There are 6 protein chains.
Amino acid sequence: MMDGETDMYMQYQNSFDIKEQISHSKIAILPIGAVEAHGPHLPLGTDNLLAERVSEKLAERVNGLVLPTLPYGQVWSLRNFPGSITVSNDSLIRFIVDIGKSLSKQGFTTFAMVNGHLGNGTALKEAARVLYETCPNLQVFYFFYPGMNKAAAEVRETVSAHAAYFHACEIETSYMLYLAPEHVDMDKAITDIPDIPMHADATPTPWEEFTETAVLGDAKLATKEKGKYIIDIALDNMATMVKNATAEI
Amino acid sequence: MMDGETDMYMQYQNSFDIKEQISHSKIAILPIGAVEAHGPHLPLGTDNLLAERVSEKLAERVNGLVLPTLPYGQVWSLRNFPGSITVSNDSLIRFIVDIGKSLSKQGFTTFAMVNGHLGNGTALKEAARVLYETCPNLQVFYFFYPGMNKAAAEVRETVSAHAAYFHACEIETSYMLYLAPEHVDMDKAITDIPDIPMHADATPTPWEEFTETAVLGDAKLATKEKGKYIIDIALDNMATMVKNATAEI
Amino acid sequence: MMDGETDMYMQYQNSFDIKEQISHSKIAILPIGAVEAHGPHLPLGTDNLLAERVSEKLAERVNGLVLPTLPYGQVWSLRNFPGSITVSNDSLIRFIVDIGKSLSKQGFTTFAMVNGHLGNGTALKEAARVLYETCPNLQVFYFFYPGMNKAAAEVRETVSAHAAYFHACEIETSYMLYLAPEHVDMDKAITDIPDIPMHADATPTPWEEFTETAVLGDAKLATKEKGKYIIDIALDNMATMVKNATAEI
Amino acid sequence: MMDGETDMYMQYQNSFDIKEQISHSKIAILPIGAVEAHGPHLPLGTDNLLAERVSEKLAERVNGLVLPTLPYGQVWSLRNFPGSITVSNDSLIRFIVDIGKSLSKQGFTTFAMVNGHLGNGTALKEAARVLYETCPNLQVFYFFYPGMNKAAAEVRETVSAHAAYFHACEIETSYMLYLAPEHVDMDKAITDIPDIPMHADATPTPWEEFTETAVLGDAKLATKEKGKYIIDIALDNMATMVKNATAEI
Amino acid sequence: MMDGETDMYMQYQNSFDIKEQISHSKIAILPIGAVEAHGPHLPLGTDNLLAERVSEKLAERVNGLVLPTLPYGQVWSLRNFPGSITVSNDSLIRFIVDIGKSLSKQGFTTFAMVNGHLGNGTALKEAARVLYETCPNLQVFYFFYPGMNKAAAEVRETVSAHAAYFHACEIETSYMLYLAPEHVDMDKAITDIPDIPMHADATPTPWEEFTETAVLGDAKLATKEKGKYIIDIALDNMATMVKNATAEI
Amino acid sequence: MMDGETDMYMQYQNSFDIKEQISHSKIAILPIGAVEAHGPHLPLGTDNLLAERVSEKLAERVNGLVLPTLPYGQVWSLRNFPGSITVSNDSLIRFIVDIGKSLSKQGFTTFAMVNGHLGNGTALKEAARVLYETCPNLQVFYFFYPGMNKAAAEVRETVSAHAAYFHACEIETSYMLYLAPEHVDMDKAITDIPDIPMHADATPTPWEEFTETAVLGDAKLATKEKGKYIIDIALDNMATMVKNATAEI
């Protein structure tokens, strides 16, 4: 284990050193993902792996501390697929608010959640608003690849299956090829572009209604380069926002 | 990465394989720890590391699947020490109940929580009781080194600072030397046996009232052998209970 | 009062007639809006008026019953603007779930929420998911102008200030000119296109940070025709979805 | 639309004007009713209509602003009658507390709830007590026709079916004939005086146990004059209390 | 201790005998009161004593079992008087619902709450409604001296200070002289008839606003005979209702 | 009734006297027990009786006021035994927190809960922690026979059936013989030492799984002397802790 790697991870440091370190860097980064079906070529923990690796890269850029990954999220849409585990928005909100309050008491002034799972978005935003009221000295971010929509549009070869969702597809698989290639099995990658009905945005619609694989696109077109292109833009955006927030304080 | 290691971890498998695997092994193992001060020689994530490594060993014995670690716990007593993060009992209970319900729906019949942090005990027990009512087909365990009191008494060279608590001391440091030695810095190990007041069991008492280091004992006396002796007994006990439960079903 | 108008509104009918009517039409339509600042040219109740008028038109198309408008919503972003009133997501969810349960007990099989306020989206979706579990015979919709993004792009003369938000602008003012022109004062319409910072999507950002008027665009460009074009498409979409749902049952 | 009418209604004003107006009048009036069976001659929205019309008259007397009607209430006793919709006390309390907090932040100092449905009484009183603690600068009223018992006794020709309840009877129908005659169908008015069992005050007793019509009395005896007599006394009482409260501040 | 006395009290029996006894009598009686200021001549526990003694007499009449007294209640109005203790409606509801569920599981079919404190009324009614849904085989009563208004009017020599409240006055002191005379100090009884403002029924009004003693009437006029007259009527009513309920099952 | 006895009990005093008394003694003592099966020789209310009698003795030593007994507790393990009544941890926590807040407002600075039922321990500890945050001027104790483990070991003639539990056995029956002998029927005392399985500490285990009597030991060996020995030590410990806390303030 390299020293540099270790220093970044909060849980591998001891209580005496961390005190000193917080006095220098008041930025805590929390990777949040989920255990969720991601097709035949990506593991259940895809969102955790992505959140974790992005967090590490963000920590390098802003000199932040990476907290241990919260590996469970809100997985309503895919909860009936094999291996998926879901927690409710309410449970997730409370859990994150508690973590945020602790960070604030410990002296952190920035709490950046790096989210790898779209379904967590509602809970993270709500938790951030609760902390906005209760911990006014803590700037809370809920990042989900900021700027990715524009960047993905520039590199993707297939159109997106849905305006908001992307899942185990050309894009997400590219992220994995860049960030966690050892967990991708491209031999099993498939093309499965579902016809998502309009009512999926207007009534509760479990995804088994329109996909058997949980893949929303053409995973075969994924490349490490596409992933790097989008992720680096997202990282630039995150780093800029965190630095601006820190500068303001 | 060895195949064997990978197979054990639920989040590294894909949704198609896990379906097959659950049909063979219905035992899910959840490591739960905390981010908490553990003196100068042990990292903040000590309880997470221990829970994780014990879970792996238990999974080998009972052919179980290891879920990703839940790395945040209830850390009331040490919450004011540098680096500690705490979540409330209520938040923890809800979170675990949600996970348990998902596991039950996925077909698991045993949900074994391997707890590395005493402070989580109240929440895990309560969550197990909620699941006892709501998921009658799921057997829920909340393990905290079963049988360790007797086993530790046999090997320890100093008396325990408290009837229930042990922390960053001869015993816990021995666990780490056995299970995660790469995260122990024995050069920094200290002897700090506090005089815990009687009222600590009868009124809310933050630990800063009686210790400055969060060490409750003589960490210098820790050895890998002591750790192995106790942990193996605890593993025997856990494996026996899980197997008995599985046999009954 | 015209008979036709009266028959559509649930609260203007008596208990004896409604029993008969529910036996024929099992579609309940709930307008939901908010009291919220909408610039100098639109009233605080804009979202209520829009939800109400759209609901009436939808009722005509699907032979539904219009419930009395729920005129309070989640107005976090604009809560500090004069006249805004906000209720929490949690309160809104509970309230709507209760209404939905009553409708299900009364024999309705479709509960269509016509939402006029984007900020309500999170709560309505969550409420619909709760009802999905608790009232399996009730199909719940949370409509927010379905299809409007594409339709608006076709008619708008200015680019949108934000990918998701539109507010008191060319589009929403057009809706009002079509549906409630008596409440629009075009003499006071302004052009105020704010520069919404990127972090508005990643950290709690009250709108007073980037706008003084609560107008996000060029309200002067609004026309009744633009409004009609988009609203009619949205109505087509809503009617189609409701009819499909009804046909399935 | 008359100017005077418009000015009174908060939701028909814009954000710029309301700021000025609140600086002059800090009295917000919230009509609260219910959707509930009211016999063959009165509409389901009777309590909403009454609350609304009384609120308008009160606003004239005290120069207050009328908020949009909250048209859903706690309808436990009649929830099984056709057309009734009920929300729980708990949901209602939270909703009203949120509204009250917003009003307080907006600068209002009096929050007068004009209640048209007896079943809401418990929730409104509790909400007022919560606001008493959390918003000490806000005087909260929960009015339910103050003084009506004495006034009704003076004009009624039949005895009351119950010490506390009156429903769709001589009295409430008289209110409607005074305040919303266009929604009364006196041709369908009936005489139906139930024998309410003593246990109705001591154990949960849905009203279908003792009435088929939801009428508790002789609706045929209703007159506009009786309604006016009682309502005007109630309005005097409300206006006096609001003015006294305002004077104190 | 007389045998008869002991048999009535559930908590003085053992687990083996109670099983037999429940098979004969399925009526559980719960006295509920409060710790609350009751003037200079009555103790803080007046409502507990009254609830307890009435419960005993009711148990004799209907062959019921008396549960141990729940001696804490909702005391909002008098909470600022010396010695008062209050619990919230919410806490009280949950507590009673839990007790009711246990009684239902134990085989009881009637759960009669004998309430000695008016302020508990809201919570007891709500708890009864919750149990109505969750324990359909349990008939729940919330008794507060049924029929006392009429009976008290027949014997009282002073008019009531308020339509609903009576407190430490001619009436309640009479109850105590009949049921718990050893706790009354008539030498300290006073006449203190407050002028209760009309707004006390329409806005949160702590009683210190209109009384310094917490006495609402002329305690000097209390007699044992008045108390006996009213209490016996209330007991007749309670016994009748309980017997009717039992007969129906 | 002796004067001394009366003065100690808060609920037998009036509001005027209590004000004076609180100014002298700011120590409130709350007995908490349960209604729970205790074998054939002890009553269901054993834990209430013990808590009450210990509280009286403690009050004498520290000049405290005894509140009325809260006679319901968390009885999960024995809830299926005849006569047991259980309330949830959550309900119990809220109830006690409310009482504590009232005591703090009334001027008390010490709130000593004397617990007679082990199952209440979790809730009392949690409630104390909530009060620690919300009422910083109130010192809260949750006493469960402090020091009894060591003391019991010195006098017991049989080994304990379990490291933490003792129930209706040699020890608890001894307590009763000392404190409430009139409620013990030694003729029915039995010897019933169950074999408690190891999993009882690691998975929800209702006690009917290992005992039919709810007795965990040899009740025949109980003596008043053993009870007095242990109880007096526990009282010494409680009194010392309360006095120390009072001295610090």
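Begin with chains A and B of this predicted model, and show the surface shared by the two: the area buried between chain A and chain B is about 4,100 Å², and carbon and sulfur atoms give 63% of it. If you select the residues that take part in this interface, you will pick up 52 residues of chain A in contact with 52 residues of chain B.

**Across the A–B interface**

Next, turn on the side chains of acidic and basic residues along this boundary, where the rule finds 4 salt bridges between chain A and chain B. One salt bridge to centre on is that of Asp90(A) with Arg94(B), whose closest N and O atoms are 3.1 Å apart. With polar contacts displayed as well, the count between chain A and chain B is 30 residue pairs, both residues of each pair being at pLDDT 80 or more.

Which helices of chain A each supply at least two residues of the side that touches chain B? Colour helix H2 (15–24), helix H3 (46–62) and helix H4 (89–105) of chain A, since these are the ones to look for. H4(A) provides the largest share of that side, with 10 residues. Recolouring by residue class divides the side of chain A that touches chain B into 26 nonpolar, 18 polar and 8 charged residues.

Now move to Asp17(A) and Lys188(B), whose side chains meet in a salt bridge with an N to O distance of 3.8 Å. Asp17(A) belongs to helix H2 of chain A, whereas Lys188(B) sits in the loop between helix H7 (170–179) and strand S5 (191–192) of chain B, and the pair therefore joins two chains. In general, side chains of opposite charge can pair when their charged atoms come close. Over all chains, the count by this rule comes to 60 salt bridges.

**The sheet of chain A**

Hide the other chains and show chain A as a cartoon, in which an open sheet of 4 strands can be followed in the order S2-S1-S3-S4, with parallel pairing. Why is one side of S2(A) and of S4(A) left without a neighbour in the sheet? Strand S2 (65–66) and strand S4 (139–143) of chain A stand at the edges and have a single partner strand each, so one side of each remains without a neighbour there.

Zoom in on strand S1 (residues 27–32) of chain A, which runs parallel to S2(A) and is joined to S2(A) by 2 bridges. Select Ala28(A) here, and its bridge partner in S2(A) proves to be Leu65(A). Then bring back H3(A), which packs on the sheet and touches S1, S2, strand S3 (110–115) and S4 of chain A, its direction making about 165° with that of S1(A). Helix H5 (residues 121–134) of chain A is the next selection, lying across S1, S3 and S4 of chain A and running at about 175° to S4(A).

**The sheet of chain E**

Before leaving chain A, display chain E beside it: no contact joins chain A and chain E, and their closest C-alpha atoms lie 20 Å apart. Within chain E, trace an open sheet of 4 strands in the order S2-S1-S3-S4, paired in parallel. Strand S2 (65–66) and strand S4 (139–143) of chain E are at the edges with a single partner strand each, so one side of each has no neighbour in the sheet.

Strand S1 (residues 27–32) of chain E runs parallel to S2(E), with 2 bridges joining them, and Ala28(E) has Leu65(E) as its bridge partner in S2(E). Two helices deserve a selection here. Helix H3 (residues 46–62) of chain E lies across S1, S2, strand S3 (110–115) and S4 of chain E at about 165° to S1(E), while helix H4 (residues 89–105) of chain E lies across S1 and S3 of chain E at about 145° to S3(E).

**Chains D and C**

For the last stop, select chains D and C, whose contact takes 52 residues from chain D and 52 residues from chain C. Chain D and chain C bury about 4,100 Å² between them, with 63% of it on carbon and sulfur atoms. The rule finds 4 salt bridges across this interface, and the side chains of Asp90(D) and Arg94(C) meet in a salt bridge at 3.2 Å, N to O.

On the side of chain D that touches chain C, helix H2 (15–24), helix H3 (46–62) and helix H4 (89–105) of chain D each supply at least two residues, and the largest share, 10 residues, comes from H4(D). Finally, add chain B to the view: chain B and chain D do not touch, and their nearest C-alpha atoms are 20 Å apart.

Terms used
Residues are numbered from 1 along each chain as its sequence is written. Chains are lettered from A and ligands numbered from 1 in the order in which they are written. This is a predicted model: local features need pLDDT of at least 70, side-chain atom pairs count only at pLDDT 80 or more; totals for chains, interfaces and linings use all residues. Side-chain values use heavy atoms; hydrogens and water are left out. Contact means heavy atoms within 4.5 Å. Buried area is the accessible area (1.4 Å probe) that two parts lose on being put together, summed over both. A polar contact is a pair of N or O atoms within 3.5 Å; within protein, one must be able to donate a hydrogen and the other to accept it, and residues adjacent in sequence count only if both atoms are side-chain atoms. Ala, Val, Leu, Ile, Met, Phe, Trp, Tyr, Cys and Pro count as nonpolar, Asp, Glu, Lys and Arg as charged, and the others, Gly among them, as polar. Two strands pair if DSSP finds at least two bridges between them. Axes are lines fitted to C-alpha atoms, for helices over the stretch in contact, and angles run from 0 to 180 degrees between N-to-C directions.
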